[in-house]
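Here are some exercises to work through with the model open in your viewer. Try each task before you read its solution.

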Amino acid sequence: MKECRGRNLFFSTDLDKEIEEADVIFISVNTPTKTKGIGAGSAANIKNCELCARHIAKVATSSKIVVEKSTVPVRTAEAINRILTANEKQPNVTFQVLSNPEFLAEGTAMSDLMKPDRVLIGGSQTPEGLKAIETVVSVYANWVPREQILTTNLWSSELSKLVANAFLAQRVSSINSISALCEVTGADVTEISRAVGMDDRIGKRFLQPSVGFGGSCFQKDILNLVYLCETYGLQPCADYWRQVIAMNDFQKKRFSEEIVSAMFNTVTGKKIAILGYAFKKDTGDVRETPSMFIVRDLLEENAKIHVYDPQVTREDMWSEMSYTCGVNHDNTPKLDEYVTTCDDPYEACKGAHAVCIMTEWDEFKTYDYKKIYDNMQKPAFLFDGRLLLNHKELREIGFEVHAIGKPDPIKFPGSAIA
Ligand code: UDX
């Protein structure tokens with residue numbers, strides 16, 4: 001950004017002037033799940049997109065291409081288009097609404113931007129629409145090969161974004177459902193994932209079992225898809241996709257239950273170290289993070305929780321906990337006494353009965369687990385929610401290891417690999 005700033009990247013708060021001067025305007029505002037009213041809990045709130053459209057129409061004195069970058073329900077472009085045309089200032093001003101969904105992921109945003117798998121641009125298949133599409137294609141063509149720039153009609157582009165995220169989340173839920181089966185049959189989920197993923201038709205990626213998926217997109221976009229299916233009377237389709245979320249909830253719950261049951265059915269008053277709070281590594285984002293649900297469940301059991309994460313701030317942890325789980329300092333007395341945040345992982349684990357690996361941070365692999373073990377209560381439990389560590393080595397140190405999709409070596413002798 002430093003390299004480009006002042007050259008071809010400018011920041012401004014003068015909204016009206018920038019709208020006036022622009023040929024192409026990207027609407028990149030958030031579209032959170034509605035918390036109240038019709039569709040609460042599943043429909044996306046496109047209020048911010050609508051406000052942008054109204055403002056553009058109010059200010060623009062020349063024709064514009066308006067691009068939806070935000071993830072929106074299919075047919076939002078129709079609403080944007082109607083708002084723009086109904087409010088245009090001058091009769092000679094025209095608007096072309098395009099859809100250009102964002103596929104970048106957190107932690108890899110820059111490489112996703114520079115080397116995207118594909119860029120998708122949807123627009124009306126009229127001569128004016130096709131001309132607008134070509135304008136936006138020519139912007140991306142500066143660094144993305146033409147064959148990777150897909151152009152479609154508006155509705156396909158809007159819907160593709162929701163479908164892409166739903167498919168990715170579905171793969172995680174699919175492998176997580178198998179992880180539960182592995183634990184009771186003696187199969188090993190890593191081996192299953194490898195065996196299945198080597199089939200080219202299935203592919204290797206997004207088959208990493210975990211304590212559950214998190215982040216600001218997967219759940220929100222699936223709920224949005226579910227709501228769309230319901231709106232169009234397609235209940236079986238809605239039920240199908242809702243199951244991806246139900247499986248994710250089951251996986252998170254299963255993990256908390258495993259912690260409590262392994263630790264002699266009580267964690268009351270026991271210190272438990274939570275390593276990792278971000279929803280994935282290399283980000284400080286905690287939205288919908290699975291770690292939060294485990295902390296909430298352990299809190300209900302009156303455990304003493306010590307959280308360490310290399311990037312997450314205490315403020316973010318509490319604000320997301322309050323927003324998503326409704327647990328905060330006002331309604332939960334002694335919250336600070338029960339949940340402590342630590343700057344040092346060894347401090348978080350000192351005197352603990354259990355260590356839980358909740359995010360796949362690389363640094364967790366480099367810790368001195370012998371030192372951690374020596375300073376813990378015995379038996380020393382380790383719950384690996386990301387299959388990050390070498391369980392054989394941990395068992396040799398003395399840990400009692402429980403890991404997603406890994407059979408218990410005592411119950412299933414001869415099943416354990418690393
Ligand atoms: C996602 C999409 O990947 C991206 O294309 C879209 O634009 C935004 O949503 P993001 O939420 O940043 O990106 O993270 P992603 O890497 O997709 O991971 C989402 C969640 O799934 C994380 O909690 C991650 O830990 C989990 N996950 C991912 C697994 O549990 N197993 C996997 O194999 C992959």
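Buried means under 20% relative accessible area, exposed means over 50%, and partly exposed is anything in between (1.4 Å probe, protein chains only). This is a predicted model, where local features need pLDDT of at least 70, side-chain atom pairs count only at pLDDT 80 or more, and totals for chains, interfaces and linings use all residues. Residues are numbered from 1 along each chain as its sequence is written, and side-chain values use heavy atoms, with hydrogens and water left out.

**Exercise 1. Classify asparagine 248 as buried or exposed, then find its contacts.**

Step 1: Find the residue in helix 9; helices (H or I, at least four residues) and strands (E, at least two) are DSSP runs, numbered from the N terminus.
Step 2: Asparagine 248 has a relative accessibility of 2%, so it counts as buried.
Step 3: Contact means heavy atoms within 4.5 Å. Skip the neighbours within four places in sequence, and asparagine 248 is in contact with Ser173, Gly212 and Phe213.

**Exercise 2. Describe the chain as a whole: how many helices and strands does it have, and what percentage of its residues count as buried?**

Step 1: The secondary structure comes to 15 helices and 11 strands.
Step 2: Along the principal axes, the C-alpha atoms fill a box of roughly 80 × 50 × 50 Å.
Step 3: The chain has 418 residues, and 46% of them count as buried.
Step 4: Take the contacts with a separation of 6 or more: 74% of them are between residues 24 or more positions apart.
Step 5: About 21000 Å² of the chain is exposed, with carbon and sulfur atoms supplying 54% of that. Accessible areas come from the Shrake-Rupley method with a 1.4 Å probe, and for residues only the protein chains shown count as cover.

**Exercise 3. Work out which residues come nearest to the ligand and which helix gives the most to its shell.**

Step 1: A residue is near a molecule or strand if one of its heavy atoms lies within 4 Å of it. There are 20 residues around the ligand, and Phe103, Glu106, Gln208, Ser210 and Arg386 come nearest.
Step 2: Helix 6 (residues 154-185) gives the most to the shell, with 4 residues.
Step 3: Sort the shell by type and you get 11 nonpolar, 4 polar and 5 charged residues. Here Ala, Val, Leu, Ile, Met, Phe, Trp, Tyr, Cys and Pro count as nonpolar, Asp, Glu, Lys and Arg as charged, and the others, Gly among them, as polar.
Step 4: Now look at ligand oxygen atoms. One is 2.9 Å from a polar backbone atom of glycine 214, a backbone N or O atom of phenylalanine 279 lies 2.9 Å from a ligand oxygen, and a polar side-chain atom of lysine 280 also lies 2.9 Å from a ligand oxygen.
Step 5: On its own the ligand has 670 Å² of accessible area, and the protein covers 90% of that.

**Exercise 4. Place serine 210 and decide whether it is buried or exposed.**

Step 1: Serine 210 is in the loop between helix 7 (189-197) and helix 8 (218-231).
Step 2: Its relative accessible area is 4%, so serine 210 is buried.
Step 3: Leave out neighbours within four places in sequence, and serine 210 touches Val172, Asn176, Gln251, Gly385, Arg386 and Ile404.

**Exercise 5. Find the residues that touch the most other members of the largest nonpolar core.**

Step 1: A nonpolar core is a set of buried Ala, Val, Leu, Ile, Met, Phe, Trp, Tyr and Cys residues joined through side-chain atoms within 4.5 Å.
Step 2: The largest core has 64 residues, and Ile259, Ile272, Tyr369 and Phe399 touch the most other members. Helix 10 (residues 290-300) supplies the largest share, 6 residues.
Step 3: Not counting residues up to four places away in sequence, isoleucine 259 touches Val267, Ile272, Ile294, Leu298, Cys356 and Phe383.
Step 4: Another core, of 20 residues, lies apart from this one and includes Ile25, Ile27, Cys49 and Leu84.

**Exercise 6. Track down the backbone of arginine 75, asparagine 265 and proline 379.**

Step 1: Most residues other than glycine have a negative phi, and most peptide bonds are trans.
Step 2: Arginine 75 has a positive phi of about 85 degrees and sits in the loop between strand 2 (64-68) and helix 3 (76-87).
Step 3: Asparagine 265 has a positive phi of about 65 degrees, in the loop between helix 9 (235-262) and strand 6 (271-275). At 59% relative accessibility, asparagine 265 counts as exposed.
Step 4: Lysine 378 and proline 379 are joined by a cis peptide bond, with omega about -5 degrees.

Terms used. Polar contact = N/O pair within 3.5 Å; in protein donor to acceptor, adjacent residues only side chain to side chain.
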